[in-house]
Amino acid sequence: MRRAIRLISLWEALLVALLLGAVVLGSSLSPYFLNSNNLSNVLSDLSEKSLMILSMLLIIIVGEIDLSVASILGLSSVVLGDLWMHNAPLAVCIAAALAVGTLAGFINGLLVTALGLPSLVVTLGTLALYRGCAYIVLGQLAVSNFPDGFTTFGFGSIPGTLIPWPFVIFVVLAVIVILVLHGSWIGRQLYTIGNNQVAARFAGIRVARIKLILFTISGFISGLAGVIFTARFSSARADNALGFELDVITIVLLGGVSIFGGRGTLPGVIIALFVVGILRNAVALADFPTETQSIIVGGLLVLSVLGPNAIVRLQNWLTRKRVFATLITYVQRSRT
Amino acid sequence: MKAAFLRTCGLGVLLLSVLLLSACGSGGGGTTAATLNIAFLPKAVNNPYFDSAAAGAQKAAAELKGQFKQVGPSDAVASEQVPYIQTLTTQGVSAIVISADDANAVAPALKQAMAKGIKVVSYDSDTAPDARAIFINQASTEDIGRSEVDVLASQINNTGQIAILSATSTATNQNAWIGFMQDELKKFPNMSLVKIAYGNDDDQTSYNETQALVQAYPDLKGIISPTTVGIAAAARYLKTAGLSGKIALTGLGTPNSLRSYVKDGTIKGFELWDVGHLGYLAYYAAAALVQGKITGKQGETFTAGTLGTFTIGANGVVLLGPPTVFDANNIDQFNF
Amino acid sequence: MVTETMTTEQEGQRAPSAVIRVTRRVGQVRELGLLVVLLLIFVGVAVPEPRFVAVNNLRDILLSVAIIAIVVVGETLVVLTRNVDLSVSAIIGLVAFVSGDLFKQHPGISIAVVIAIGCAIGLGLGLLNGLLVSYGGVPAIVVTLGTLYIYRGLDYAIAGGKQINAFDVPDRFLNLASDTVLGIPLLIILAAVIAAIFALLLRYTRLGRQVYAIGSNPEAARLAGIQRNRLVLLTFVISGLLSGFAGILWAARFATVDANAATGLELLVVASVVVGGVSILGGSGTILGAMLGAILLATIQDALNILNISPFWLQAFYGAAILLAVMLDTLIMRRLQRSYLTRRL
């Protein structure tokens with residue numbers, strides 16, 4: 001147990017070092033990196049992903065996964081755009097987008113809890129289903145004539161500072177998640193479920209209901225991210241946020257959350273959020289295409305799970321070696 | 001456990017504040033004034049059409065002793081152009097020359113660039129007029145649209161069902177041409193337009209869309225594909241399916257990619273313009289803006305190297321010239 | 001007491017074979033069910049559109065499925081061991097571009113050499129996947145999600161904005177995709193042969209049985225002495241190899257290859273496997289089933305085209321197909337388990 005604790009803080013110390021390294025890399029790759037406008041761009045680019053990691057964190061801690069977050073984002077964006085195209089008031093469009101996201105998350109949760117299907121394949125299926133629904137609704141069209149107020153919310157910053165509006169939402173939600181996850185009995189229940197689902201159920205924790213709620217929340221957050229994305233790009237399209245789930249899952253795993261559930265903290269994930277955001281920004285400023293960024297993010301994803309595994313295996317191997325050596329010495333001593 | 005956790009929280013907060021403080025402190029990253037640092041941002045980078053334009057632009061850059069680079073997304077998705085615009089803005093280029101995937105989606109980012117003193121020129125596919133100073137149009141929109149229909153009509157004896165294989169549904173140039181095509185069709189009462197399909201400037205999608213068109217409309221007589229990617233894919237499908245000559249195909253394409261199809265009769269004739277000249281002219285226009293020689297108002301003139309003098313028309317539009325028809329007689333004279 | 005023990009022993013020997021028999025029967029019913037659905041679709045669409053059942057349309061369906069079917073074979077092996085390989089589309093795209101580029105840069109190069117290099121690349125990429133999953137202990141979903149983007153990123157790094165066109169490759173290479181043997185396209189024959197080989201390997205060799213064993217009960221397989229790591233590595237290597245081969249055929253068939261080639265194909269491959277009755281939890285399913293799943297999905301795509309239904313419905317349909325197939329299989333499995341439990345009483 002103590003070794004596990006040491007491993008966790010070792011990991012987060014590594015993350016901080018990685019963050020510093022990313023900043024150094026960024027400033028060496030481009031003279032435009034350490035500049036207030038650019039850092040504002042970094043925060044702005046992370047607008048949606050920062051929200052999605054909050055719900056993904058909770059889902060992975062309880063031992064599940066949600067691959068459909070980007071598709072729910074796209075679907076909500078399309079619903080918003082379609083209603084706007086049919087002259088509904090903006091408030092109605094936004095509310096509908098949020099409702100659709102929540103419903104999509106609820107369906108995910110229902111399939112996983114009520115029918116007991118593995119979340120991996122369910123959310124793989126809904127990844128396709130929800131994205132497909134987005135295409136059915138809007139087809140190839142794009143809706144982009146949104147009012148200036150809406151666009152400024154997504155694209156602009158708090159007047160007087162360079163902090164983008166969506167970042168404020170992230171801060172508020174992050175505080176809530178920290179209080180719930182690390183400071184309340186609900187959080188402890190989540191960790192328990194992730195560590196040993198059967199024991200949790202026997203301890204009286206309503207596992208199925210909690211998972212259902214988490215998937216629904218994830219859908220709502222993805223819907224909210226869809227609204228922000230639409231505002232930020234002033235464009236509702238069926239292919240919005242294609243591939244975002246890679247970044248979201250990578251950030252959460254890189255942040256020290258175990259893919260097997262039961263371990264992980266929010267501060268680690270937030271540091272990882274900035275690591276990925278800064279790396280992507282630095283690479284883009286050096287004129288590398290988006291796909292090169294994907295190599296880096298994909299590599300981080302694999303390493304974030306491979307790393308701890310390798311460390312544990314190394315420790316075991318060393319321990320075995322010691323035990324082996326001790327055994328030999330003991331046998332030799334008992335012979336003489 | 002708590003100690004390590006608080007430690008990490010503290011480290012994270014410290015780091016974040018350092019980052020933000022450094023951001024609020026430094027400024028800079030403005031535009032470079034006298035040098036010509038012009039960046040081209042096409043609809044997508046893996047497109048030989050835009051590569052040809054870039055070659056022309058590079059020639060202009062060499063003549064003017066300016067800098068040239070081309071960045072862009074790997075598929076023609078509007079929201080993917082926006083991060084590149086933001087990166088170019090941060091890098092403080094002198095001018096952005098863009099072919100827009102969606103006229104409105106890129107407008108907010110372009111306006112932000114213009115607010116920082118960066119000149120914006122659009123080419124090939126226009127943006128919202130208030131998000132750029134000049135639009136370099138390859139040929140009169142009306143000429144292109146009408147002549148496409150006329151060419152196809154002459155190939156199918158003015159009778160039969162036809163379809164259009166376009167690029168993306170939001171591309172400004174495509175929709176403008178299609179508008180004139182539909183108007184020109186009124187002159188041919190025995191021809192009817194049965195479908196507008198979208199190939200997204202993606203080879204695979206265009207190939208599949210052509211197949212779908214042929215399967216859904218067994219009496220199809222002709223296809224117009226005003227996109228270089230689309231016409232090449234459609235020609236390949238028609239040839240593989242043994243339909244060369246049975247369904248007429250015309251549109252806009254590059255001589256190199258369509259040479260074999262013209263020689264074997266799959267395509268009797270198609271149109272384009274000198275794409276290299278398009279890029280060349282766009283670079284000169286951008287340079288003239290940067291150097292303050294023109295501001296984009298109607299009536300202003302500027303010289304574009306070997307192409308001569310050009311006058312800016314209404315709405316900041318500059319015309320390159322009339323389209324060229326390529327057929328078996330002249331196709332060997334061109335190499336792009 | 002002696003009699004009791006003997007009876008229990010006999011029971012112990014009887015019960016597993018009963019379960020195997022029932023599971024096998026369910027599997028057969030599953031494949032039969034797929035055939036029935038296929039037939040229903042054919043009949044249903046042929047009524048309004050008789051062109052649908054014309055020979056050349058049927059041939060087109062099989063042709064469009066041929067390349068995917070080869071990848072589906074590899075994916076089936078991986079899924080049987082309770083893993084998944086999402087990186088297949090990136091491997092196809094990468095090998096497709098590289099093989100086209102080899103012809104472009106070295107005009108005299110022999111087709112056999114290009115095929116060998118392409119397969120080697122696929123094998124190497126699959127090997128990396130396998131090493132990370134088996135010896136690295138990283139879950140397959142994490143590994144292959146990461147390598148999906150890494151390999152695709154490599155594809156872009158190599159291809160840049162370039163494009164391979166039909167005139168860059170020799171005609172004999174393009175003919176690979178259009179040649180016919182006795183009237184049947186070569187591509188279909190290749191796919192059928194590969195599927196048959198691996199189906200026989202799975203059914204009749206010890207290696208095949210071990211693959212099923214790892215998927216259905218990893219712990220028991222380990223206790224029985226089956227080398228899980230080596231076998232899982234092998235399935236990923238085969239999946240990569242077959243994807244590489246499919247990439248070469250892709251270049252031959254479509255001729256125009258850029259860095260975007262085969263993007264998103266992994267969804268169709270996984271959907272085919274799942275719809276074909278291969279359990280995502282491993283341990284059950286056949287290659288025949290996966291083939292039928294692939295054919296079924298291709299038939300539906302063709303039906304949508306002929307009925308002039310917007311192709312936008314297709315992706316939603318794949319997602320719904322995955323969900324329905326998994327729900328069906330889970331319900332069947334649960335009913336099986338319940339009946340097995342009540343029988344013991």
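Student: How many salt bridges does the rule count over all chains?
Tutor: This is a predicted model: local features need pLDDT of at least 70, side-chain atom pairs count only at pLDDT 80 or more, and totals for chains, interfaces and linings use all residues. Side-chain values use heavy atoms and leave out hydrogens and water; residues are numbered from 1 along each chain as its sequence is written, while chains are lettered from A and ligands numbered from 1 in the order in which they are written. A salt bridge is a side-chain nitrogen of Lys or Arg within 4 Å of a carboxyl oxygen of Asp or Glu. By this rule, the count over all chains is 22.

Student: How far apart in sequence are the parts tied together by Lys49(A) and Asp247(A)?
Tutor: These two form a salt bridge, with the closest N and O atoms 2.9 Å apart. Helices (H or I, at least four residues) and strands (E, at least two) are DSSP runs, numbered from the N terminus. Lys49(A) lies in helix α3 (residues 47-61) and Asp247(A) in helix α12 (residues 244-254) of chain A, so the parts they tie together are apart in sequence by 198 residues.

Student: Are Lys49(A) and Asp247(A) buried or exposed?
Tutor: Buried means under 20% relative accessible area, exposed over 50%, and partly exposed in between (1.4 Å probe, protein chains only). On that scale, both Lys49(A) and Asp247(A) are buried.

Student: Which residue pairs with Glu142(B) in a salt bridge, with the closest N and O atoms 3.0 Å apart?
Tutor: Glu142(B) is partly exposed because its relative accessibility is 36%. Its partner is buried, at 18%. The two sit four residues apart in helix α5 (residues 141-155) of chain B, which means a separation of about one helical turn. The partner is Arg146(B).

Student: How many residues separate Asp332(B) from Lys263(B)?
Tutor: Asp332(B) and Lys263(B) form a salt bridge, their closest N and O atoms 3.1 Å apart. Asp332(B) lies in the segment after β14 of chain B and Lys263(B) in helix α9 (residues 255-263) of that chain. The pair links distant parts of the chain, and the separation in residues is 69.

Student: How accessible is Lys263(B), in percent?
Tutor: Its partner Asp332(B) is exposed because its relative accessible area is 51%. Lys263(B) also counts as exposed, because its relative accessibility is 54%.

Student: Which residues are joined into one network by salt bridges that share partners?
Tutor: The Glu142(B) and Arg146(B) pair is part of it. The full network is Glu142(B), Arg146(B), Asp183(B), Glu184(B), Lys186(B) and Lys187(B).

Student: Which residue of β14(B) stands opposite Phe270(B)?
Tutor: Two strands pair if DSSP finds at least two bridges between them. Strand β10 (residues 269-272) of chain B and strand β14 (residues 324-327) of chain B pair in the antiparallel sense over four bridges. Both faces of β10(B) are covered: Gly269(B) and Glu271(B) are buried on one side, Phe270(B) and Leu272(B) on the other. Opposite Phe270(B) stands Phe326(B).

Student: Which element gives the most to the nonpolar patch?
Tutor: Patches are made of residues with over 30% relative accessible area and no salt bridge, like charges being joined within 9 Å and nonpolar side chains (Val, Leu, Ile, Met, Phe, Trp, Tyr) within 5 Å. This one, about 610 Å², is made by Trp165(A), Val168(A), Val172(A), Ile176(A), Val180(A), Trp185(A) and Ile186(A). The elements giving two or more residues are α8 (165-183) and α9 (185-195) of chain A. With five residues, the top contributor is α8(A).

Student: How much area do chain A and chain C bury between them?
Tutor: Contact means heavy atoms within 4.5 Å, and 39 residues of chain A are in contact with 32 residues of chain C. Buried area is the accessible area (1.4 Å probe) that two parts lose on being put together, summed over both. The rule finds zero salt bridges across this interface. Carbon and sulfur atoms carry 83% of the buried area, which is about 3,100 Å².

Student: What is phi of Asp124(B) near, and is the residue buried or exposed?
Tutor: Asp124(B) lies in the loop between β4 (119-123) and β5 (134-137) of chain B. Most residues other than glycine have a negative phi. Here phi is positive, near 65 degrees. Because its relative accessibility is 4%, Asp124(B) is buried.

Key: Accessible areas come from the Shrake-Rupley method with a 1.4 Å probe; for residues, only the protein chains shown count as cover.
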